[in-house]
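Subject: Structure handover

Hello,

Here is the structure you asked to take over. My notes on what was found in it follow below.

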Amino acid sequence: MKIIELFVEYRYYYFMGVKITIMLSFFSLIIGTTLGGILSLLRLSKFKPLKAVATAYIELIRGTPMMVQIALVFFGSYALLGLDMDRFIAALIAVSLNSAAYVAEIIRSGIQSVDIGQWEASRSLGLSSSQTMRHVILPQAVKNILPALGNEFVTLIKETAVASTIGVLDLMHASKIVQSSSYIAFDPLVIVAALYFIITFTLSKLVGALERRLSHSD
Amino acid sequence: MIRIENLNKYFGEKHVLKNINLEIREGEVVALIGPSGSGKSTLIRCIDYLEEPDSGDIYINGKNIVQSGKEIDKIRQNIGMVFQHFNLFPHKTVLENITLAPILTKRMTKKEAENKAIELLETMDLLDKVNEYPGSLSGGQKQRIAIARSLAMEPDIMLFDEATSALDPEMVGEVLKVMKDLAKSGMTMIVVTHEMAFAKEVSDRVVFMADGEIVEENSAVELFENPQHPRTIEFLSKVL
């Protein structure tokens, strides 16, 4: 099989790409989810200016392509701040900021999907609003949004391919290197597609297992 | 123990509570009755500050809960509220439902809270459900556990907002029995109910509301046997 030989020959580039893609995805996922959680609370806040800022941010991010955002962070950091920013860091910032907007909307819908009676019961027992959020609302919200969140994480992994446009040595970049040095256009792409699929499919399965674990109370 | 003065509440344009004045003494059991939309649920929810009054004052043990800020959490710890739809926490076991608030509010240690929960479940004959999730319980069981959850905080006052209205008829009895036992134990209770027989038997005083006003209040016997106001007479003739 020619394609397997190709993979074995260029395995160094592919493994390097897989490593970078997984690192970029993993850290963006952690940072994006944390920021998204904070954004969703701002979005639900009764304090109007905070709410407006969060809403504007979310709309702006959702309304512009990731490829533009990543270029804006990378070239903007030089043009505006005079920083010679590491390509990986620039990609990490852009992907995290992007994912935060989507995660914020998912978490907001999750919080709003929990029956108001849960909030009232908890407050009537004398728990504070933050205790109620933490022990009553969020655990139920997370359970409700897990499928949507899993979906967003898979999307995030695939979208990191855009990082190759600013020269990050990720999986997509690896396939470009293999294409140009082997003079084969098609096969390297098949390999890279398979590798992306293995990563995202593993994640889907993990999220599915988590869903089953959390559904014990139904 | 509870004093309500000139309480007004609007939902948009609708004036749902019109200048309510009411006083409830310690150990008293008061039934709130009246047609739906008369404001009785809104009134009981105001006492737990789940609804914010537009004007007026509500004193619980001498403290005004209106504009009480952060202190409301402390005040609520002494008031138990039982809802029509139970509102048990579905992601927590029966035991966790009951022990959550006593532990988080630092009223009890984990061990004390668990002992208290087991004691309460025993009196309600639900000890075998201690590790179940609410999803696997019947409506009557859920409501009794919701009552246990409130009692675990050892409140001075218990509020019941149509606690039996969402139950299948055969389960109403088991919940009413728990409420009766509680009334006998000397608990101060306000009960919004459509169960007239229960109101008559258990309550010391019955308050009849219509259109956001207290139309008539009297001892249970007097109000049911000898209603004065035409609206009370009309209502009772429909439900008795």
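A residue counts as buried when its relative accessible area is under 20%, as exposed when that area is over 50%, and as partly exposed in between. Please keep in mind that this is a predicted model.

Salt bridges

Side chains of opposite charge can pair when their charged atoms come close. Over all chains, the structure holds 22 salt bridges. Three of them, from chain B, are described here, followed by a network in chain A.

B:Arg3 and B:Glu5 are joined by a salt bridge through their side chains, at 2.8 Å from N to O. B:Arg3 has a relative accessibility of 33%, so B:Arg3 is partly exposed. B:Glu5 is partly exposed too, because its relative accessible area is 25%.

A second salt bridge pairs B:Arg205 with B:Glu28, and their closest N and O atoms are 2.8 Å apart. This pair links distant parts of the chain, with the two positions 177 residues apart. B:Arg205 belongs to strand β9 (residues 205-210) of chain B, while B:Glu28 sits in the loop between β2 (14-24) and β3 (29-33) of chain B. Are these partners buried or exposed? B:Arg205 counts as buried because its relative accessibility is 13%. B:Glu28 is also buried, at 6% relative accessibility.

The third salt bridge is between the side chains of B:Arg231 and B:Asp211, again at 2.8 Å from N to O. Here too the pair links distant parts of the chain, 20 residues apart: B:Arg231 is in helix α9 (residues 230-239) of chain B, and B:Asp211 is in the loop between β9 and β10 (213-219) of chain B. Both are partly exposed, B:Arg231 with a relative accessible area of 34% and B:Asp211 with one of 44%.

In chain A, salt bridges with shared partners connect A:Arg43, A:Glu59, A:Arg62, A:Glu105 and A:Arg108 into one network.

Helix packing in chain A

Helix α6 (residues 116-124) and helix α7 (residues 129-159), both of chain A, have axes that come within 10 Å and cross at roughly 145°. The crossing of α6(A) past α7(A) is right-handed. On the α6(A) side, the contact is made by A:Gln118, A:Trp119, A:Ser122 and A:Arg123. On the α7(A) side, A:Ser129, A:Thr132, A:Met133, A:Val136, A:Ile137 and A:Gln140 take part. Sorted by class, the residues of this contact are four nonpolar, five polar and one charged.

Regards

Definitions and conventions. Residues numbered from 1 in each chain as written. Chains lettered and ligands numbered in written order. Predicted model: local features only at pLDDT ≥ 70, side-chain atom pairs only at ≥ 80, totals over all residues. Heavy atoms only, no water. Axes fitted to C-alpha atoms, helices over the stretch in contact; angles between N-to-C directions. Helix = DSSP H or I, 4+ residues; strand = E, 2+ residues; numbered from the N terminus. Left-handed = near helix turned anticlockwise from the far one by under 90°. Contact = heavy atoms within 4.5 Å. Nonpolar A, V, L, I, M, F, W, Y, C, P; charged D, E, K, R; others polar. Salt bridge = Lys/Arg side-chain N within 4 Å of Asp/Glu carboxyl O. Buried < 20%, exposed > 50% of the residue type's maximum accessible area, 1.4 Å probe, protein only.
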